[in-house]
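Colleague: I should be grateful for guidance on how to read this structure, feature by feature. Please give the general idea wherever there is one, and then the case at hand.

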Amino acid sequence: MSDRAQASNNEEIKVVLAQPRGFCAGVERAIDIVERALEKYGAPVYVRHEIVHNKFVVDTLRERGAIFVEEIDEIPTGAVTVFSAHGVAKKVENGALVRELDVIDATCPLVTKVHKEGRRYAEKGYDIVLIGHIGHPEVEGTLGQIPGTVHVISEPEDVAGLSVADDERVAFVTQTTLSVNDTKDVIAALKKRFPSIIGPDTRDICYATQNRQTAVIAMAKQVDLLLVVGAHNSSNSNRLREIGENFGIPSYLIEDASMFDPAWLQGVKTVGLTAGASAPETLVQETIARVRNYRTVTVETLDGVQENIHFKLPKELSDVERPKDAMEAWAVTTA
């Protein structure tokens, strides 16, 4: 501990927790699928890509017997294989068939819904605009699930450069880890250029992303520093940090408590703390414990949305009990 941090050890600081924060229903389902697959089939269970964007989660499942691979040709023929929550392209599904993999699909149901909407528009001959970030696994999967012409854009300025076959037959879908606020300007620009454009109801955009951003916006008005627990390759976690920056608040994305720098507390009386949809609560509590090393901490939780959404498991796992030791791995000790 530095002299400066030691000297400030008795100063009081308030930590305000966003509500909601952390795991969403799609992430909980994906982790549950891997754990129950390990329980039913035994190790190893192969997982294509990170099951969700969080190193702690991946390492925890790896210790239980999951093997993470980038491509399915790394998986032995016939092995039990889980597709990640981000979804996969059709060619990946077909490749798994050729290799006779025993596939369990952990794609978030909200992502699957986007795939179905995109295919429905494509069957009717629409050019489809996918609002999202090129290179994100979810966007790559969605691109590979929709036949026909799909244009990926992320900013309102991108709309002017679109070249479509028929201005009257254009539809849009969105990456689920963008919120209503993230997409509204792009959708407005699309509607201005293509007045006949069709797309999903805004209620179809991921509830978890919107709820976590709304909570940070409310919290930003009363904190001096924002800490976001989440992975650096997590789209929704990065967006939470950006919201803090847009409010002029020093904002940091940390993968775990070890990345917290006590120098950030200089002159700070209130810290806002939240977590991306792939980050477990235990990492939030460990961050609070780390702050307690430097200050006398009081903790309060903002009023916010109480999420009570659960997605069904795949039928092949619906009768498998979640192993007790797996549940204990996610037990939270309040700091």
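Modeller: Let us begin with a pocket. In this predicted model, the lining of the second largest pocket comprises 4 nonpolar, 6 polar and 5 charged residues.

Colleague: Which residues lie closest to the centre of the second largest pocket?

Modeller: There are 15 lining residues, and those closest to the centre are His-133, Ser-154, Glu-155, Asp-182 and Arg-239. The space in this pocket amounts to about 280 Å³.

Colleague: Which helix gives the most to the lining of the second largest pocket?

Modeller: Helix 7 does, with 5 residues. Helix 7, at residues 180–193, and helix 9 each contribute at least two residues to this lining.

Colleague: How is empty space of this kind found in the first place?

Modeller: One rolls a probe the size of a water molecule over the atoms, and this shows where empty space is left. In the present model, the largest pocket holds about 580 Å³ of space. Its lining has 26 residues, and Phe-23, Cys-24, Ala-25, Glu-28 and His-310 are nearest the centre. Helix 2 (25–41) and helix 8 are the elements that give two or more residues to that lining. The largest share, 5 residues, belongs to helix 2.

Colleague: How many residues of each class, nonpolar, polar and charged, does the lining of the largest pocket have?

Modeller: The lining of the largest pocket has 14 nonpolar, 4 polar and 8 charged residues.

Colleague: I understand that a cavity differs from a pocket in that the probe cannot get out. How many cavities of 30 Å³ or more are there?

Modeller: There are 2 cavities of 30 Å³ or more. The largest cavity contains about 260 Å³ of space and is lined by 24 residues, with Cys-24, Val-27, His-86, Thr-176 and Thr-177 nearest its centre. Two or more residues of its lining come from each of helix 2, helix 5 (109–123), helix 8 and helix 9. Helix 8 gives the most, with 3 residues. By class, the lining of this cavity has 12 nonpolar, 11 polar and 1 charged.

Colleague: Let us turn to the sheets. In what order do the 5 strands of the open sheet stand?

Modeller: The order is 10-9-11-1-12, with parallel pairing. Strand 10 (251–254) and strand 12 (296–301) each have a single partner strand, so one side of each is left without a neighbour in the sheet. Neighbouring strands here are turned by 25 degrees against each other on average, direction ignored. Within this sheet, strand 9 (residues 225–229) is joined to strand 11 (residues 270–275) by 5 bridges. Leu-227, for instance, has Leu-273 in strand 11 as its bridge partner.

Colleague: Which strands does helix 8 touch?

Modeller: Helix 8, residues 207–220, packs on the sheet and touches strand 1 (12–17), strand 9 and strand 11. The direction of helix 8 makes about 180 degrees with that of strand 11. Helix 9, residues 235–246, lies across strand 9, strand 10 and strand 11, and runs at about 165 degrees to strand 10.

Colleague: In what order do the 4 strands of the other open sheet stand?

Modeller: The order is 3-2-4-5, and the pairing is parallel. Strand 3 (66–69) and strand 5 (102–105) are the edges; each has a single partner strand, so one side of each lacks a neighbour in the sheet. From one strand to the next, the twist averages 30 degrees. Strand 2 (residues 45–48) pairs with strand 4 (residues 80–83) over 3 bridges, and Tyr-46 has Thr-81 as its bridge partner in strand 4.

Colleague: What should one expect of backbone geometry?

Modeller: Most residues other than glycine have a negative phi, and most peptide bonds are trans. Against that background, the bond from Gln-19 to Pro-20 is cis, with omega near 5 degrees; Pro-20 lies in the loop between strand 1 and helix 2. The bond from Ala-43 to Pro-44 is also cis, with omega near 0 degrees, and Pro-44 is in the loop between helix 2 and strand 2. His-49 has a positive phi, near 70 degrees, and Glu-100 has one near 55 degrees.

Colleague: Where is pLDDT under 50?

Modeller: It stays under 50 over residues 1–7. Where pLDDT is low, the predicted coordinates should not be read in detail. The chain averages a pLDDT of 93, and 97% of the residues score at least 70.

Key
Residues are numbered from 1 along each chain as its sequence is written. This is a predicted model: local features need pLDDT of at least 70, side-chain atom pairs count only at pLDDT 80 or more; totals for chains, interfaces and linings use all residues. Side-chain values use heavy atoms; hydrogens and water are left out. Two strands pair if DSSP finds at least two bridges between them. Axes are lines fitted to C-alpha atoms, for helices over the stretch in contact, and angles run from 0 to 180 degrees between N-to-C directions. Contact means heavy atoms within 4.5 Å. On a 1 Å grid over the protein atoms alone, a cavity is a set of points where a 1.4 Å probe fits but cannot get out, and a pocket is an open set with protein on both sides within 12 Å along at least five of seven lines; lining residues have an atom within 4 Å of a point. Grid points are joined across faces, edges and corners, and a volume is the space filled by probe spheres set on the points. Ala, Val, Leu, Ile, Met, Phe, Trp, Tyr, Cys and Pro count as nonpolar, Asp, Glu, Lys and Arg as charged, and the others, Gly among them, as polar. pLDDT is the predictor's confidence in each residue, from 0 to 100.
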